[in-house]
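The following exchange examines a protein model through its side-chain contacts, its cores and its surface. Please consult the sequence and the coordinates alongside the text.

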Amino acid sequence: MIFDQCKAPAKAAFLALSVAAPLFLSACMSSEKDLDLSTYVDQTEPADVLYNQGLANLNAGRLNEAAKKFAAVDRQHPYSEWARKSMVMGAFTNYRQGNYEDAISAAKRYLTLYPSTDEAAYATYIIGLSYYRQIRDVTQDQKEARQTIQAMQEVVTRWPDSEYVEDAKEKIRFANDQLAGKEMQVGRYYLERREYLAAVKRFRTVVEQYSNTRHIEEALARLVEAYYALGLTDEAQTAAAVLGHNFPASPWYKDSYKLLQSNGLQPRENAGSWISKAGKLITGA
C-alpha cells in the first residue's frame with residue numbers, strides 16, 4: 001500500500017510530462033518555421049529602386065552587386081518595364097565581367113521575349129561583342145569570328161540608324177580579317193607541302209570572299225606561286241596582273257614579277273579567268 005502511494009505521484013508526474021512534451025516540441029517547431037521564413041523569404045523592394053541601385057553599382061564598378069540588383073528586379077517584378085530594362089543591363093554586366101556565355105544567354109532571352117523594343121538592337125550588339133571577345137588566334141578554330149559577323153551584321157541590317165552600327169561594321173571587318181587569316185594559314189601549309197591544288201583553293205577563297213582584308217595582296221601573290229608551280233602560267237600571269245593593277249607598290253607584286261620574269265614571263269591579265277573577275281571586286285584593306 002505504501003509502495004502504491006509512492007508510485008502515484010511519480011505516475012502523475014510522468015503523465016504531466018507526457019502531455020506537456022508535444023506542446024513544447026510544437027512550440028519549438030513553430031519557432032523554427034518562423035525563423036526559416038524570415039531567413040529565406042526575399043525582401044521585396046520597388047522595381048525602380050532596385051534598378052537604380054543596379055545602375056549605381058555598375059557605374060561604381062561593383063559588377064557583382066550590380067548583377068544581383070538587376071537579377072532581383074527580374075525575379076521580384078517579372079514582365080514589368082523595369083524587368084525588361086534590367087534584363088538588358090544584366091546581359092551587359094555579364095559581358096563586362098567576362099561572363100560571355102551568360103551575357104549571350106541573357107541577351108538571347110531578351111530578344112525572344114522582346115524582339116521589337118528599342119533595346120533589341122543593344123541586346124544583339126551585346127551578343128556580337130561577347131562573341132568578338134572570344135575570337136581566337138588564326139591558328140585555332142574561327143567559330144567565334146563567324147558568330148561575331150552574324151550578330152553584328154544583324155545590327156547593321158535591322159537597325160541601320162543605330163548608334164552601334166559603326167562599331168558593328170568595324171567588328172565585322174576584324175572578324176573577316178580573322179577568317180581570311182585562317183584561310184591563308186592553311187593555304188601556306190599546303191603550299192609548303194607542295195599540295196598546290198589544295199593551296200589554290202584556300203587562296204582563292206580569300207580573293208573571292210575576303211577581298212577587302214589585309215590578306216588580299218599575299219593571297220594573289222601565293223596564287224602566282226602555286227599556279228606557276230603547277231605549270232598554269234596563264235593563271236599565274238593573270239594573278240600577277242591583278243595584283244599589280246591594284247597594288248603596284250606592293251612588295252608582294254615585286255616578288256611575283258621576279259618569279260615570272262625568271263622564266264621570261266610578264267604579268268598579263270586573261271579577262272576570262274576567275275581571278276580577273278574577282279579582281280574587279282577588290283577594294284583593298
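**Salt bridges, cores and surface**

The structure holds 18 salt bridges, a salt bridge being a side-chain nitrogen of Lys or Arg within 4 Å of a carboxyl oxygen of Asp or Glu. This is a predicted model, in which local features need pLDDT of at least 70 and side-chain atom pairs count only at pLDDT 80 or more, while totals for chains, interfaces and linings use all residues. Residues are numbered from 1 along each chain as its sequence is written, and side-chain values use heavy atoms, with hydrogens and water left out.

Reader: How many residues apart in sequence are the parts that the pair Lys85 and Glu119 ties together?

Author: The side chains of Lys85 and Glu119 meet in a salt bridge, at 3.6 Å from N to O. Lys85 lies in helix 4 and Glu119 in the loop between helix 5 and helix 6, so the pair ties together parts at a sequence separation of 34 residues. Helices here are DSSP runs (H or I, at least four residues; strands are E, at least two), numbered from the N terminus.

Reader: Is Glu119 buried or exposed?

Author: Buried means under 20% relative accessible area, exposed over 50%, and partly exposed in between (1.4 Å probe, protein chains only). Lys85 has a relative accessible area of 26% and is therefore partly exposed. Glu119 is at 19% relative accessibility, so the residue counts as buried.

Reader: By about how much of a helix are Arg158 and Glu154 separated?

Author: A salt bridge of 3.1 Å, N to O, is formed by the side chains of Arg158 and Glu154. Arg158 is partly exposed at 43%, and Glu154 is partly exposed at 32%. Because the two residues are four apart in helix 7, their separation is about one helical turn.

Reader: Which residues do salt bridges that share partners join into one network?

Author: One pair to consider beforehand is Glu208 and Arg204, whose closest N and O atoms are 3.2 Å apart. Being four residues apart in helix 9, Glu208 and Arg204 are separated by about one helical turn. Salt bridges that share partners form one network from Glu81, Arg84, Lys85 and Glu119.

Reader: Which helix gives the most to the largest nonpolar core?

Author: A nonpolar core is a set of buried Ala, Val, Leu, Ile, Met, Phe, Trp, Tyr and Cys residues joined through side-chain atoms within 4.5 Å. The largest one has 41 residues, and Phe92, Tyr110, Tyr122, Tyr125, Ile126 and Ile127 have the most contacts inside it. Two or more residues each come from helix 2 (47-59), helix 3 (63-76), helix 4 (81-97), helix 5 (100-113), helix 6 (120-132), helix 7 (143-158) and helix 8 (165-192). With nine residues, the element that gives the most to this core is helix 6.

Reader: How many residues has the other core, which lies apart from the largest one?

Author: Within the largest core, Tyr125 is one of the residues with the most contacts. Leaving aside neighbours within four places in sequence, Tyr125 is in contact (heavy atoms within 4.5 Å) with Met152, Val155, Tyr164 and Asp167. Apart from the largest core lies another, with Ile216, Leu220, Ala240 and Ile275 among its members; its size is 37 residues.

Reader: What is the distance of the polar contact that joins the side chains of Asp177 and Arg214?

Author: Asp177 is placed in helix 8 and counts as buried, at 11% relative accessibility. Not counting residues up to four places away in sequence, Asp177 touches Thr213, Arg214 and His215. A polar contact is a pair of N or O atoms within 3.5 Å; within protein, one must be able to donate a hydrogen and the other to accept it, and residues adjacent in sequence count only if both atoms are side-chain atoms. The side chains of Asp177 and Arg214 are joined by such a contact, at 2.7 Å.

Reader: What phi does Tyr79 have, although it is not a glycine?

Author: Most residues other than glycine have a negative phi. Tyr79 lies in the loop between helix 3 and helix 4 and is exposed, with a relative accessible area of 69%. Although Tyr79 is not a glycine, its phi is positive, at about 65°.

Reader: Where does Arg194 lie?

Author: Arg194 is not a glycine, yet has a positive phi of about 65°. At 65% relative accessibility, Arg194 counts as exposed. Its place is the loop between helix 8 and helix 9.
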